[in-house]
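Here is a walk through one model, going from the inside outwards. Keep the viewer open while you read.

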Protein chains: 2
Amino acid sequence: MSESSEVDVIVSEVGPRDGLQSIHRAMPTAVKIKWIESLAAAGLVEIEVGSFVHPKLLPQMADADEVVRAARKLDGVKVLALAPNFKGAERALGAGVNVITMPVSASRAHSQSNVRMTPEEAVEDVRRVRQMIDAQDQPVGLEVGISTAFGCSIQGDVPEEYVMQLAVALAEAGVDSIGLSDSVGYANPTQVKRMFKQLREEIGVKAGAAHFHNTRGQGLANVVAALDVGVTTFDASQGGIGGCPYAPGATGNIVTEDLVFLLEAMGLRTGINLEKLIIARAIISEGLPGQEIYGHVPEAGLPKNFAYAGARKLAEVV
Amino acid sequence: MSESSEVDVIVSEVGPRDGLQSIHRAMPTAVKIKWIESLAAAGLVEIEVGSFVHPKLLPQMADADEVVRAARKLDGVKVLALAPNFKGAERALGAGVNVITMPVSASRAHSQSNVRMTPEEAVEDVRRVRQMIDAQDQPVGLEVGISTAFGCSIQGDVPEEYVMQLAVALAEAGVDSIGLSDSVGYANPTQVKRMFKQLREEIGVKAGAAHFHNTRGQGLANVVAALDVGVTTFDASQGGIGGCPYAPGATGNIVTEDLVFLLEAMGLRTGINLEKLIIARAIISEGLPGQEIYGHVPEAGLPKNFAYAGARKLAEVV
């Protein structure tokens with residue numbers, strides 16, 4: 001975290017993908033685009049805007065192509081989209097994404113139910129996607145979040161050494177950045193520290209984002225642990241939308257608003273304006289009337305003495 | 001945290017005091033007692049059962065005397081009660097509490113509105129309570145949580161050096177244990193680490209509990225930071241009841257259920273049985289029908305591979 005970089009931590013918004021994919025109704029395309037524009041206006045520089053999964057499986061993601069094209073017009077925004085397999089990656093590439101994200105599950109049971117492949121088959125799929133990317137002209141990134149890295153609600157424990165083997169195999173297959181995802185809200189801070197430290201030792205600068213779910217209310221606690229071992233990119237979802245299908249009623253991803261507050265309050269610059277971010281929330285209700293959204297900071301407001309990390313750093317310099 | 005002690009971290013339940021005092025209806029005395037008994041049955045060894053504030057100000061605490069007497073019959077439970085001033089401490093002592101807790105606010109504005117004293121006058125009050133305790137036969141503890149230690153919703157910033165001065169003055173006045181309270185949900189993990197570390201440097205083993213509110217969703221994140229600098233006692237409220245009057249709609253204290261899950265998952269023994277703790281929740285609704293209660297773990301359930309810290313430690317030994 002150098003003094004000269006503009007941000008210390010990247011908050012990667014996954015609401016339009018991870019959030020919306022688990023809501024059975026579809027948000028109208030125009031509202032999705034408006035929401036993404038508002039998120040960008042609030043200062044988010046990484047947004048996962050959709051998933052190139054088969055439209056029969058997730059009709060609410062059928063407009064991914066159109067959403068990607070609209071998002072690509074936004075200045076300074078890195079547009080990510082998820083592709084569950086080679087076919088999806090082909091479509092994502094055609095739509096013009098900046099980064100393709102692929103889930104590879106460390107749980108054999110979850111991998112079969114999620115992408116109908118073994119983890120090893122998924123790694124081979126990722127390798128072919130890398131080759132496809134390299135065979136065309138555009139510089140497109142390839143990122144993988146290792147799902148169920150901290151445990152799985154189908155098989156229970158997921159061996160940590162297997163997660164690391166998978167990370168090494170993915171790095172070798174040409175993935176730019178490999179993160180760890182707590183898909184079902186099983187992670188705890190001790191495990192988070194141990195595993196992200198180990199990940200860094202195994203794959204160096206290719207160690208990527210932390211993706212936490214707040215299913216058991218432990219999301220921000222896990223963020224604090226991950227920060228401690230040098231993680232600098234965190235996925236989050238505006239309004240905490242999403243939610244794990246295995247935990248009915250539980251909130252989904254960590255809430256972007258509460259995460260940004262945490263980081264800025266800790267003195268870590270995110271480049272995000274919280275007031276504008278809170279304004280963007282309203283668009284979720286516009287596109288999905290009656291949808292429950294979460295977040296403490298939007299409800300309680302900012303503390304009377306709140307100051308952004310950048311403002312404080314400037315004040316310290318002066 | 002020695003291997004021989006039965007617990008690594010003490011979870012101090014404040015729901016029957018901090019939770020119930022901010023709910024305007026009164027929980028019937030018999031239900032309060034039943035609730036406290038259930039909390040004890042779940043393994044809680046420290047429970048703040050009421051407040052000896054004037055019954056005209058908080059009628060829902062008017063039965064503090066009866067509740068203390070009932071709680072004192074529970075084996076192995078340390079019974080705490082809050083006293084806002086000397087008069088209240090006199091009543092608490094008469095009722096037979098094990099520990100008197102007194103709030104001393106580091107914010108002059110909050111101190112006046114809360115106890116109608118300056119912080120310095122509050123310290124003198126505490127000193128007189130110590131003398132009263134020492135003048136009688138029973139061994140009774142005296143603890144202070146410094147309110148608004150991390151900021152105040154009336155005056156904004158609270159100077160950290162003043163918080164430390166207050167801690168030193170309280171230690172000198174004979175308080176056994178002095179903790180820091182984030183009464184309004186302003187604290188962040190960086191500040192928590194810095195201040196608890198400083199507190200330990202200033203007053204050594206008299207450095208006491210962390211009392212966090214979850215107003216902005218940062219409660220457990222702050223716990224992780226506090227653990228990192230050696231804090232071993234945490235206040236929490238079952239179902240997260242309570243709530244800061246300055247943040248309408250926001251949840252109150254950190255949720256006992258989610259805190260116990262965090263600690264046990266991290267490998268820190270609390271001595272608390274989560275299944276029994278979750279059963280005790282139902283009594284809140286019995287005594288206060290329709291009351292909103294919070295908590296992620298009770299809703300999502302325990303992970304498939306969950307094991308208590310003690311069980312894992314035993315397994316590691318074998």
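In this predicted model, the largest nonpolar core holds 202 residues, and the members that touch the most other members are A81(A), V223(A), L259(A), A81(B), V223(B) and L259(B). Take V223(A) as a way in. Skipping its neighbours within four places in sequence, V223(A) is in contact with A210(A), F212(A), F234(A), I254(A), L259(A) and L262(A), and also with A221(B) from the other chain.

That last partner, A221(B), is worth a click for another reason: of the residues of chain B, A221(B) comes closest to the rotation axis, with its C-alpha at 1.9 Å. What turn and shift lay chain B on chain A? A turn of 180° and a shift of 0.0 Å along the axis do the job, with an RMSD of 0.0 Å. The two copies are thus related as by a two-fold rotation axis.

How do the copies meet? They meet through the same surface, because 100% of the interface residues of chain B are also interface residues in chain A. The contact takes 36 residues from chain B and 36 residues from chain A. On the side of chain B that touches chain A, the elements giving two or more residues are helix 8 (189-203), helix 9 (219-228), helix 10 and helix 12 of chain B. Helix 9 of chain B provides the largest share of that side, 5 residues. By residue type, the side of chain B that touches chain A divides into 17 nonpolar, 14 polar and 5 charged residues.

How far does the predictor back this up? For the complex, it gives an ipTM of 0.94 and a pTM of 0.95. Chain A averages a pLDDT of 93, and 94% of its residues score at least 70. One stretch to flag is residues 244-250 of chain A, where pLDDT stays under 50; the model has 20 contacts for this stretch beyond four places in sequence.

Now for the single chain. Chain A has 13 helices and 8 strands. Its radius of gyration is 18 Å, close to the 20 Å that the globule rule gives for 318 residues, so chain A is as compact as a globular protein of that length. Along its principal axes, the C-alpha trace of chain A spans about 55 × 45 × 40 Å. Buried residues make up 56% of the 318 residues in chain A. Among contacts in chain A between residues at least 6 apart in sequence, 73% join residues at least 24 apart.

Over in chain B, helix 11 (residues 274-287) shows how one element is packed. Its buried residues are L274(B), L277(B), I278(B), A280(B), R281(B), I283(B) and I284(B). These buried residues pack against helix 2 (29-41), helix 10 (256-265) and helix 12 (297-300) of chain B. Helix 12 of chain B is where E299(B) lies. E299(B) counts as partly exposed, because it has 17 C-beta neighbours inside 10 Å. E299(B) and I278(B) are 21 residues apart in sequence, while their C-alpha atoms are 9.7 Å apart in space.

A loop in chain A offers another link between separate parts of the sequence. Q155(A) lies in the loop between strand 5 (141-147) and helix 7 (160-172) of chain A. With 16 other C-beta atoms within 10 Å, Q155(A) is partly exposed. Not counting residues up to four places away in sequence, Q155(A) touches S107(A), R108(A) and A109(A). The C-alpha atoms of Q155(A) and A109(A) are separated by 6.3 Å, although the two residues are 46 apart along the chain.

Finally, a look at the backbone. Most residues other than glycine have a negative phi. Two non-glycine residues with a positive phi are R116(B) and T148(B). Here they are together:

| Residue | Phi | Loop in chain B | Other C-beta atoms within 10 Å |
|---|---|---|---|
| R116(B) | near 55° | between helix 5 (108-115) and helix 6 (119-134) | 11 |
| T148(B) | about 50° | between strand 5 (141-147) and helix 7 (160-172) | 27 |

Which of the two words, buried or exposed, fits R116(B)? R116(B) is exposed, with 11 other C-beta atoms within 10 Å, whereas T148(B) is buried, with 27.

Note on methods
Residues are numbered from 1 along each chain as its sequence is written. Chains are lettered from A and ligands numbered from 1 in the order in which they are written. This is a predicted model: local features need pLDDT of at least 70, side-chain atom pairs count only at pLDDT 80 or more; totals for chains, interfaces and linings use all residues. A nonpolar core is a set of buried Ala, Val, Leu, Ile, Met, Phe, Trp, Tyr and Cys residues joined through C-beta atoms within 7 Å. A residue is buried if 20 or more other C-beta atoms lie within 10 Å of its own, exposed if 12 or fewer, and partly exposed in between; C-beta atoms are placed from the backbone. Two residues are in contact if their C-beta atoms, placed from the backbone, lie within 7 Å. Helices (H or I, at least four residues) and strands (E, at least two) are DSSP runs, numbered from the N terminus. Copies are superposed by least squares on the C-alpha atoms of residues with pLDDT of at least 70 in both. The radius of gyration is taken over C-alpha atoms; the globule rule is 2.2 Å times the number of residues to the power 0.38. Ala, Val, Leu, Ile, Met, Phe, Trp, Tyr, Cys and Pro count as nonpolar, Asp, Glu, Lys and Arg as charged, and the others, Gly among them, as polar. pLDDT is the predictor's confidence in each residue, from 0 to 100.
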